[in-house]
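Dear colleague,

I am passing on the structure we spoke of, and below it you will find my notes on what came out of the analysis. Please read them with the model open beside you.

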Amino acid sequence: MQKGSLVNVGLGMTLGSHITPLSRNYIEKADVVFVAASDSLIEQWVMTMNNDVRSLQGYYKEGMSRMITYNNVIDAMMQEVRNGKNVCGAFYGHPGVFSWAPHELVKIAKSEGYKAHMQPGISAEDCLYADLAIDPGKTGCAHFEATQFMCNNRVFDVSAYLVLWQISIAGDKSLAKFSVAKDYIQVLVELLLETYPENHQVTLYECAVLPTHYPRIENISLSKLAQQALSLKTTLVIPPLD
């Protein structure tokens with residue numbers, strides 16, 4: 001086994017509330033910590049746990065494909081692993097949910113003979129079930145990234161919940177935008193209206209990232225989706241048809 005190691009841990013979604021003792025221990029004991037958090041306060045909190053914490057936020061730039069960003073992140077983290085360091089990647093939520101780079105990092109590190117693994121964290125999906133009082137075992141629940149749903153003719157069951165993630169960039173194939181025009185969102189609406197009625201009540205959801213904040217839980221008619229304020233944190237939750 002090569003000298004040097006990698007562990008990617010989940011910070012959870014809400015500052016200080018969701019991290020496990022084991023994940024915190026990995027952060028504290030690492031030689032180098034790379035952090036990708038959803039809020040600058042969360043980054044500052046992680047910086048209190050280790051003397052060498054490096055933010056990954058500077059790698060993200062609007063207009064640059066996120067695949068370039070992800071590969072730059074991988075290069076930076078793997079360089080320290082190859083230097084013989086015990087490296088910890090601290091990612092908001094769950095490091096393996098809607099997060100390509102942590103999976104690729106573990107794969108690359110293992111292929112090069114380094115010890116590497118992932119520690120789970122509380123994801124936005126977990127918060128969604130709690131905040132919206134949804135039991136996915138009751139009716140079922142299908143999750144899709146919004147652009148993949150739009151472009152790949154996904155098959156889904158209307159008797160189950162349909163959850164679409166990253167709807168604020170729905171239809172963007174460039175992976176370079178932080179938002180899209182309302183016309184893109186309307187295309188998604190028209191696609192959904194092939195199955196659901198215009199007045200079908202859907203929920204815009206955003207989990208709380210700070211303990212002093214409340215989640216966004218906004219119920220609207222499906223036909224009104226394109227007129228709503230959306231961010232990268234916004235998730236669309238569509239209840240089953242009766």
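**Notes on the model**

Alanine 116 has its place in strand E5, which covers residues 115-118. Please bear in mind throughout that this is a predicted model. Alanine 116 counts as buried, because its relative accessibility is 8% and the limit for that class is under 20%. Leaving aside neighbours within four places in sequence, the residues in contact with alanine 116 are Leu6, Val106, Ala109 and Lys110. Its C-alpha atom is also separated by 9.2 Å from that of glycine 4, although the two residues are 112 residues apart along the chain.

**The two domains and their interface**

The chain is divided into domain 1, residues 5-119, and domain 2, residues 124-238, and the centres of domain 1 and domain 2, taken over C-alpha atoms, are separated by 27 Å. To the contact between them domain 1 gives 18 residues and domain 2 gives 20 residues.

The size of an interface is often given as the accessible area lost when the parts come together. Here domain 1 and domain 2 bury about 1,500 Å² between them, and 64% of that area is on carbon and sulfur atoms. Which three residues supply more than any others of the area that domain 1 buries against domain 2? They are Met13, Arg66 and Phe98, which supply 42% of it.

As for polar interactions, the rule finds zero salt bridges across the interface of domain 1 and domain 2, whereas it does find two residue pairs in polar contact there, both at pLDDT 80 or more. On the side of domain 1 that touches domain 2, helix H2 (40-47) and helix H3 (66-82) each supply at least two residues, and by class that side has eight nonpolar, six polar and four charged residues.

**Three loop residues**

Threonine 14 is found in the loop between strand E1 (5-10) and helix H1 (21-29), and it counts as buried because its relative accessibility is 12%. Apart from its neighbours within four places in sequence, threonine 14 is in contact with Ala208, Val209, Leu210 and Pro211, and the numbering places these four residues in domain 2 (124-238), whereas threonine 14 belongs to domain 1 (5-119).

Phenylalanine 98, already named for its share of the area that domain 1 buries against domain 2, lies in the loop between strand E4 (86-91) and helix H4 (100-111). Phenylalanine 98 has a positive phi of about 50° although it is not a glycine, and at 44% relative accessibility it counts as partly exposed.

A positive phi of about 50° is also found at asparagine 153, which is likewise not a glycine. Asparagine 153 lies in the loop between helix H7 (146-151) and strand E7 (161-165). Is asparagine 153 buried or exposed? It counts as exposed, because its relative accessibility is 68% and the class begins over 50%.

**Salt bridges**

A search of the whole structure finds seven salt bridges, and I describe some of them here.

The side chains of arginine 24 and glutamate 28 meet in a salt bridge, with 3.0 Å from N to O. Both residues lie in helix H1, four residues apart, which is about one turn of the helix. Arginine 24 counts as partly exposed at 34% relative accessibility, and glutamate 28 counts as partly exposed at 36%.

Arginine 82 forms a salt bridge with glutamate 112, and the closest N and O atoms are 2.7 Å apart. This pair links distant parts of the chain, since arginine 82 is in helix H3 and glutamate 112 is in the loop between H4 and E5, 30 residues apart. Arginine 82 counts as partly exposed at 39% relative accessibility, as does glutamate 112 at 29%. Elsewhere, salt bridges that share partners join Asp52, Arg54, Glu80 and Lys85 into one network.

Within that network, glutamate 80 forms a salt bridge with lysine 85, the closest N and O atoms being 3.4 Å apart. Glutamate 80 counts as buried at 12% relative accessibility, whereas lysine 85 counts as partly exposed at 29%.

With best regards

Note on methods:
Residues numbered from 1 in each chain as written. Predicted model: local features only at pLDDT ≥ 70, side-chain atom pairs only at ≥ 80, totals over all residues. Heavy atoms only, no water. Domains from an automatic or database assignment. Contact = heavy atoms within 4.5 Å. Buried area = accessible area lost by both parts, 1.4 Å probe. Salt bridge = Lys/Arg side-chain N within 4 Å of Asp/Glu carboxyl O. Polar contact = N/O pair within 3.5 Å; in protein donor to acceptor, adjacent residues only side chain to side chain. Nonpolar A, V, L, I, M, F, W, Y, C, P; charged D, E, K, R; others polar. Buried < 20%, exposed > 50% of the residue type's maximum accessible area, 1.4 Å probe, protein only.
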